[in-house]
Amino acid sequence: MRTSFALVVVAIMALFGCAAAGADPDDSVADYATVSGSVVLREPAALPAATLLTVTLEDVSLADAPAVIVGQTQFEVKDQLTPIPFTLVYPVPAAQPGSVYGARARLTLGDRLLFTTTQRNSVDPFNPLPIELVVDSVATETPPLIPDVSLTNTYWKIIEVDGQPVAAAQQMREPQLVLNGQDGRFAGSGGVNRLMGSYLVDGKGLTFSQVASTMMAGAPEAMQQEQTIVGALGAVRGFSIAGDQLTLVNDSGQPVLRAVAVALR
């Protein structure tokens with residue numbers, strides 16, 4: 001009896017072995033990998049609405065032949081300041097050992113190319129590391145897309161402070177600034193309290209002083225963000241404007257606050 005049972009087990013194992021041996025390797029799930037990084041404009045500029053970012057991973061082994069695309073991602077850039085983060089997923093089997101691979105980025109508006117990479121950015125498709133893609137403006141005879149907005153008498157919506165995006169707390173004012181062009185005073189909001197004080201412009205130099213606020217209480221996160229905004233204003237030593245984008249910098253030239261001009265109705 002035991003011998004018969006053993007023979008049955010062996011027969012079943014043999015059948016499974018045959019089935020496994022006959023399995024098609026092409027039925028296995030494709031192996032995918034991800035390369036991530038950021039796109040940076042070499043010269044800061046305001047990106048118009050509906051700008052598309054396209055990042056491509058391609059085989060550039062043959063200099064006299066078109067590059068072979070391995071993977072590509074494309075999305076609309078909405079209210080984003082550079083660096084613009086991206087993630088590109090591609091099938092690893094599409095890459096061949098010994099070939100040369102690179103990544104490139106393009107910013108387009110409709111059928112018009114605005115920015116593109118101009119240097120090779122090598123990528124190892126079998127061991128992808130984070131990569132920064134620097135794009136250059138494409139020469140054009142058309143006028144600037146967005147004329148520079150005036151520093152004063154403009155409603156500046158604060159969108160970033162100390163490298164972190166600014167959030168408007170629910171049922172609270174949005175953080176913003178308006179620099180009065182007549183009396184050297186500014187007013188605005190930190191998100192919870194109204195802000196006020198003085199400012200001084202000297203060429204591209206800019207400083208804020210006598211910064212004060214009302215004394216309302218809010219959510220801890222909103223209060224912390226407001227304190228960071230007030231601290232950033234105290235560190236401001238200069239500014240630059242590109243279209244409708246305002247960047248305030250410290251004495252080392254590092255951005256401490258970014259804002260966008262908003263047209264009031």
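This dialogue works through the features of one predicted model, from its overall make-up to single pairs of residues.

Reader: Before turning to details, how many helices and strands does the chain have, and what share of its residues is buried?

Author: The chain has two helices and 16 strands, and buried residues make up 36% of its 265 residues. Among contacts between residues at least 6 apart in sequence, 56% join residues at least 24 apart. The chain exposes about 16000 Å², of which carbon and sulfur atoms supply 56%.

Reader: Which residues have the most contacts inside the largest nonpolar core, and which elements give two or more residues to it?

Author: A nonpolar core is a set of buried nonpolar residues joined through side-chain atoms within 4.5 Å. In this model the largest such core has 26 residues, and V39, L53, V55, Y90, L107 and L133 are those with the most contacts inside it. The elements that contribute two or more residues are β1 (32-41), β2, β4 (84-91), β5, β6 (112-117) and β7 (131-137). A second core, separate from this one, has 24 residues, including L179, F186, F239 and L246.

Reader: What does L133 touch, if residues up to four places away in sequence are not counted?

Author: With those sequence neighbours set aside, L133 touches S38, V39, V40, V55, F86, A103, R104, A105, T117 and N121. Of these, V39 and V55 also belong to the group with the most contacts inside the largest core, while R104 will return in a salt bridge with E58.

Reader: How many salt bridges does a search of the whole structure find, and how should one be read?

Author: The pairing rests on a distance, since a side-chain nitrogen of Lys or Arg must lie within 4 Å of a carboxyl oxygen of Asp or Glu. By that criterion the search finds four salt bridges. One of them joins E58 and R104, whose closest N and O atoms are 2.8 Å apart. This pair links distant parts of the chain, with E58 in strand β2 (residues 52-59) and R104 in strand β5 (residues 101-109), 46 residues apart.

Reader: Is E58 buried or exposed, and what is the relative accessible area of R104?

Author: The cut-off for buried is a relative accessible area under 20%. E58, at 8%, is therefore buried, whereas R104, at 29%, is partly exposed.

Reader: Which parts of the chain does the salt bridge of E174 and K157 tie together?

Author: The side chains of E174 and K157 meet at 4.0 Å, N to O. E174 lies in the loop between β9 (164-165) and β10 (176-179) and K157 in strand β8 (residues 156-161), so the pair ties together parts that are 17 residues apart in sequence. Both ends are partly exposed, E174 with a relative accessible area of 25% and K157 with one of 31%.

Reader: Where do the partners of the salt bridge between E160 and R258 lie?

Author: E160 is in strand β8 and R258 in strand β16 (residues 255-261), 98 residues apart, and the pair thus links distant parts of the chain. The closest N and O atoms of E160 and R258 are 3.1 Å apart, and both residues are buried.

Reader: Which strands pair with β8, and in what sense?

Author: Strand pairing is read from the bridges between two strands and from the sense in which they run. β8 and β16 pair in the antiparallel sense over five bridges, and W156 stands opposite A261 in β16. β8 also runs antiparallel to β10, to which two bridges join it, with K157 opposite Q176. A further two bridges join β8 to β9, again antiparallel, and there the bridge partner of E160 is P165. In the hairpin of β8 and β9, which has two residues between the strands, D162 takes a positive phi near 50 degrees.

Reader: How many aromatic pairs are there, and what is their geometry?

Author: An aromatic pair is read from the distance between ring centres together with the angle between the planes, and planes over 60 degrees apart count as edge-to-face. The count here is one pair. F186 and F208 form it, edge-to-face, at 5.1 Å centre to centre and with 85 degrees between the planes. F186 lies in strand β11 (residues 185-189) and F208 in strand β13 (residues 205-213), 22 residues apart. Both rings belong to buried residues, and F186 is also among the residues of the second core.

Note on methods:
Residues numbered from 1 in each chain as written. Predicted model: local features only at pLDDT ≥ 70, side-chain atom pairs only at ≥ 80, totals over all residues. Heavy atoms only, no water. Helix = DSSP H or I, 4+ residues; strand = E, 2+ residues; numbered from the N terminus. Buried < 20%, exposed > 50% of the residue type's maximum accessible area, 1.4 Å probe, protein only. Phe/Tyr/Trp six-rings, centres within 6.5 Å; stacked < 30°, edge-to-face > 60°. Contact = heavy atoms within 4.5 Å. Areas by Shrake-Rupley, 256 points an atom, 1.4 Å probe, with all protein chains shown as cover. Pairing = 2+ DSSP bridges.
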